[in-house]
Amino acid sequence: MLSVEALREYGANVDEGLGRCMGNKDLYLRLVSTVPSEKSFGLLKDSLESGDLGAAFEAAHALKGITGNLALTPLYEPIVEITELLRARKDMDYTDILSGILRSKDELENISK
């Protein structure tokens, strides 16, 4: 079950995230619970698979904002990395970074149940 304690164990900076939600724990948890179903994860994956780095950048940038505002560090850090690589339109294999992002998303989804 999603809780502040579970998010701390996950590695989220809960105090920072709560601060952005003006200390409203219910709001913070509700917002965090929506992250695993965020459509930008699928858009990022599909865009990278099709080689559309522009669309992949847009999806990564959206995820960066969401995960950063909620201080979901395990997701935020690799998303920042991929966002900057995509901003530069770096032609490379993104498989490892994407796999790490999707693993962290799945971990969050598991604690959100």
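**View A. The residue just after helix α6 in this predicted model.** Arg89 follows α6 and has a positive phi of about 55 degrees.

**View B. The length of helix α6.** This helix runs over residues 73-87. Its 15 residues, at 1.5 Å a residue, should span 21 Å, and the C-alpha atoms at its ends are 20 Å apart, so the expected and modelled lengths agree.

**View C. The buried face of α6.** Leu75, Pro78, Ile79, Ile82, Thr83 and Leu86 are the buried residues here. Looking down the helix axis, they fall within an arc of 145 degrees and therefore line one face of α6. An α-helix has 3.6 residues a turn, so residues three or four places apart point the same way. The cover over the buried residues of α6 includes α1 (4-10), α4 (39-50), α5 (53-69) and α7 (95-111).

**View D. The two ends of helix α5.** With 17 residues at 1.5 Å each, α5 should span 24 Å; the C-alpha atoms at its ends are 24 Å apart, which agrees. At the N-terminal end, Asp52 acts as a cap, with a side-chain oxygen 3.3 Å from the backbone nitrogen of Gly54. Just after α5, Ala71 takes a positive phi of about 55 degrees.

**View E. The buried side of α5.** Buried in this helix are Leu53, Ala56, Phe57, Ala59, Ala60, Leu63, Lys64, Thr67 and Gly68. Around the axis they cover an arc of only 165 degrees, which means that they sit on the same side of α5. Among the elements covering the buried residues of α5 are α2 (14-20), α4 and α6.

Conventions:
Residues are numbered from 1 along each chain as its sequence is written. This is a predicted model: local features need pLDDT of at least 70, side-chain atom pairs count only at pLDDT 80 or more; totals for chains, interfaces and linings use all residues. Side-chain values use heavy atoms; hydrogens and water are left out. Helices (H or I, at least four residues) and strands (E, at least two) are DSSP runs, numbered from the N terminus. The expected span of a helix is 1.5 Å times one less than its number of residues. Buried means under 20% relative accessible area, exposed over 50%, partly exposed in between (1.4 Å probe, protein chains only). The arc is that of the directions from the helix axis to the C-beta atoms. Contact means heavy atoms within 4.5 Å. A polar contact is a pair of N or O atoms within 3.5 Å; within protein, one must be able to donate a hydrogen and the other to accept it, and residues adjacent in sequence count only if both atoms are side-chain atoms.
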